[in-house]
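Reader: Could you take me through one part of this protein at close range? I'd like to see how a pair of helices sits together, and then whatever else helps me find my way around.

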Amino acid sequence: MTEPYPNPEAADAPRPDPVVRRIAVHDVVEAFVAGLRDFQAAPLFGLFFGGIYAVAGLAILLSLTTFGMPYLAYPLAAGFALIGPFVAVGLYEVSRRREAGEPLAWGKVLGVVFAQGKRELSWMAFVTLFVMMMWLYQVRLLLALFLGFQSFASFRGFLGVIATTPEGLMFLAVGNLVGAVLAAALFSLTVVSFPLLLDREVDFITAMITSVRAVAASPVPMLGFAAAIAALSVVAMLPGFLGLVVIMPVLGHATWHLYRRVVEPAA
């Protein structure tokens, strides 16, 4: 495998586009198995990065409740899950090091995470944040269309309205449909691009195109992977976001191993 951080002086040299392989459902299953194996082999790294997810989720929920905007808890939590791949860079690096037989050291792993701010991967943060902002704006628009500009005294009151009124049910249905479309688009753009940008010196546009090509080449396995991520993320959020401590590291490691099966190593 090529070095993930080549000489910057060679950045302008022409490079062939990454080669995408077709995969099957068993590749997705094996990627999850390998991800679980990485978590078991380096649990402290997994718990550390998973803890960041859990703490951030709790902080978002508490801040919304404190400022009297509980109706935004659901879309913000979903948006936080959408930008998860960028936070998972540390998990990708742990898996990469285990695969390459390199030592796992906190300084090295965290150094790689912080170094991404000066590389192409940092531009992917703007892509994910843009999609997250689109998600939040469409939620506010749908709230105005279906429920007006009424305020809710509590999150329970908000849930009561959307679960027991025709307008609330319509808001829930349309909102989830739009959210699913945005999530599918973001998944297609990022599922391969984040680990690819960590692994090689390619531009983020090429990385996104490669990711979309990977999904188009193996739609059933890749969409199955997306469905598994969505289901596990929801389950992890239910117990006060605490499930993210374990679920997100496994998903991060699994994403790296799926990338290694989907994209051929550089020549």
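Author: Happy to! Helix 1 (residues 25–41) is a good place to begin, as confidence in the protein chain is highest there, at a mean pLDDT of 97. At the other end of the scale, helix 3 (residues 73–82) has the lowest confidence, with a mean of 61. Please keep in mind that this is a predicted model; the chain averages a pLDDT of 84, and 83% of its residues score at least 70.

Now for the pair. Two packed helices are described by the angle between their axes and the distance between the axes. Helix 1 packs with helix 12 (residues 219–237) at an angle of about 35 degrees, and their axes lie 8 Å apart. The crossing of these two helices is right-handed. On the helix 1 side, Val 25, Val 28 and Phe 32 take part; from helix 12 they are met by Pro 221, Phe 225, Ala 228 and Leu 232. An α-helix has 3.6 residues a turn, so residues three or four places apart point the same way.

Next, a single residue: Thr 210, in helix 11 (residues 204–217). Thr 210 has a relative accessible area of 1%, so it counts as buried, the cut-off being under 20%. Its side chain reaches the backbone oxygen of Thr 206 at 2.8 Å. Beyond its neighbours within four places in sequence, Thr 210 contacts Pro 18, Val 20, Val 192, Leu 196 and Val 263.

Finally, helix 7 (residues 121–147) has 27 residues and an expected span of 39 Å, which agrees with the 39 Å between its end C-alpha atoms. After helix 7 comes Gly 148, with a positive phi near 70 degrees.

Technical notes. Residues are numbered from 1 along each chain as its sequence is written. This is a predicted model: local features need pLDDT of at least 70, side-chain atom pairs count only at pLDDT 80 or more; totals for chains, interfaces and linings use all residues. Side-chain values use heavy atoms; hydrogens and water are left out. Helices (H or I, at least four residues) and strands (E, at least two) are DSSP runs, numbered from the N terminus. Buried means under 20% relative accessible area, exposed over 50%, partly exposed in between (1.4 Å probe, protein chains only). A polar contact is a pair of N or O atoms within 3.5 Å; within protein, one must be able to donate a hydrogen and the other to accept it, and residues adjacent in sequence count only if both atoms are side-chain atoms. Contact means heavy atoms within 4.5 Å. The expected span of a helix is 1.5 Å times one less than its number of residues. pLDDT is the predictor's confidence in each residue, from 0 to 100. Axes are lines fitted to C-alpha atoms, for helices over the stretch in contact, and angles run from 0 to 180 degrees between N-to-C directions. A crossing is left-handed if the near helix is turned anticlockwise from the far one by less than a right angle, and right-handed if clockwise.
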